[in-house]
Amino acid sequence: MSRLPPGLLTLALLWALPQDARTAQAPSPAPDSTVYTVDPGSRLVVKTGKAGLFGFAGHTHVIQAHGVRGELVYRPGRAASSLHLTLATDSLEVLTPPDTEEIRKVTESMRTDVLHVDRYPEMRFAAESLDARSGKMSFPLLVTMAGTTRRVPVTADVKIAPDSIRAVGTFVVKQTDFGIEPFSGGPGGTVKVADKVTLCFDLVGRPDGRTGRQAARDDPRAVPGCEDLPQEKEKEKRPM
């Protein structure tokens, strides 16, 4: 009686098993990528100097972006992750200083004279070929403002957990790089806006569209790099 070679014998035994048993013995491959949707509680704010972009009357301003939308496609172990964010320019809200009349003036100037929201309803941010990992990261970000796209260097602290990705960082843009003329006006033309402005972000991404609640309660004025807290909160932070 002839015998089957060992390799053929193994194959014959495998195919003799029921289909379910053969499937159970084959390990499932690791997912190639995971899509993380940006949590609605994520924060992106703009911090101006006394004469910065959107500046008015020589005061500092913190401007919050509402409704940041987007996703991170995470591909572990290789430089192939990607990030895409979008925000509506008319969702930007001036938070400081706490003067209702000035806030109205700043918001009107920001929307009509600087961002031209009727022509440019969105800002967009994109990064491709990211080597996403926990720790400090530096990468180029494509920023689109007022219809112009520029590449901007970004630094961020990234934390990858089983159910979320969080990135906290800052980047600086010059308004003239986007075709925006620095504002000049005010009493006797004494108010001149600075060219540079800092954008700070605290973004949380979650898989499967799940959302959290804690980030939504955080004060946007306390995003690292753009802190502008009321004096009473600053006093609370000081040691007794």
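**Close-up views of the predicted model**

**View 1. Surroundings of alanine 156 in strand 9.** Alanine 156 has a relative accessibility of 2% and therefore counts as buried; buried means under 20% relative accessible area, exposed means over 50%, and partly exposed lies in between (1.4 Å probe, protein chains only). The structure is a predicted model, in which local features need a pLDDT of at least 70, side-chain atom pairs count only at pLDDT 80 or more, and totals for chains, interfaces and linings use all residues. Residues are numbered from 1 along each chain as its sequence is written, and side-chain values use heavy atoms, with hydrogens and water left out. Strands (E, at least two residues) and helices (H or I, at least four) are DSSP runs numbered from the N terminus. Residues up to four places away in sequence aside, alanine 156 is in contact (heavy atoms within 4.5 Å) with Gly135, Lys136, Met137, Phe139, Val168, Gly169 and Phe201. Its C-alpha atom lies 6.0 Å from that of alanine 167, although the two residues are 11 apart in sequence.

**View 2. Valine 154, a further residue of strand 9 (residues 148–161).** Valine 154 is buried, at 2% relative accessibility. Beyond neighbours within four places in sequence, its contacts are Met137, Ser138, Phe139, Leu141, Thr170, Phe171 and Phe201. Methionine 137 is 17 residues from valine 154 along the chain, and their C-alpha atoms are 8.1 Å apart.

**View 3. The nonpolar cores, with phenylalanine 171 among the residues shown.** A nonpolar core is a set of buried Ala, Val, Leu, Ile, Met, Phe, Trp, Tyr and Cys residues joined through side-chain atoms within 4.5 Å. The largest such core has 43 residues, and Phe125 and Phe171 have the most contacts inside it. Strand 8 (residues 135–145) gives the most to this core, contributing 5 residues. Once residues up to four places away in sequence are set aside, phenylalanine 171 touches ten-strong company that need not be listed in full; among them are Phe125, Leu141, Val143, Val154, Val197 and Phe201. A second core, separate and of 6 residues, includes Val45, Val62, Cys200 and Val223.

**View 4. The disulfide between cysteine 200 and cysteine 226.** A disulfide is a pair of cysteine sulfur atoms within 2.5 Å, and the count by this rule is 1. The sulfur atoms of cysteine 200 and cysteine 226 are 2.0 Å apart. The torsion about their S-S bond is about 75°, so the disulfide is right-handed. Cysteine 200 belongs to strand 13 (residues 196–207) and cysteine 226 to the loop between helix 4 (214–217) and helix 5 (231–237), so the pair ties together parts that are 26 residues apart in sequence. Both cysteines are buried.

**View 5. Serine 81 in strand 5 (residues 81–88).** Serine 81 counts as buried because its relative accessibility is 0%. A polar atom of its side chain lies 2.9 Å from the backbone nitrogen of arginine 75. Apart from residues up to four places away in sequence, serine 81 touches residues including Val73, Tyr74, Arg75, Ala127 and Ser129.

**View 6. Salt bridges of arginine 75 and arginine 69.** A salt bridge is a side-chain nitrogen of Lys or Arg within 4 Å of a carboxyl oxygen of Asp or Glu; the count by this rule is 8. Arginine 75 and aspartate 32 meet in one such bridge, at 3.8 Å from N to O. Arginine 75 lies in the loop between strand 4 (69–74) and strand 5, and aspartate 32 in the loop between helix 2 (19–25) and strand 1 (34–38), so the pair ties together parts 43 residues apart in sequence. Asp32, Arg75 and Arg78 are linked in a network of salt bridges. Arginine 69 pairs with glutamate 122, the closest N and O atoms being 3.4 Å apart. This pair links strand 4 to strand 7, across 53 residues.

**View 7. Positive phi at histidine 116 and serine 129.** Most residues other than glycine have a negative phi. Histidine 116, with phi near 50°, is in the loop between helix 3 (100–115) and strand 7 (122–130) and is partly exposed at 23% relative accessibility. Serine 129, with phi near 55°, is in strand 7 and is exposed at 53%.

Note on methods
Polar contact = N/O pair within 3.5 Å; in protein donor to acceptor, adjacent residues only side chain to side chain.
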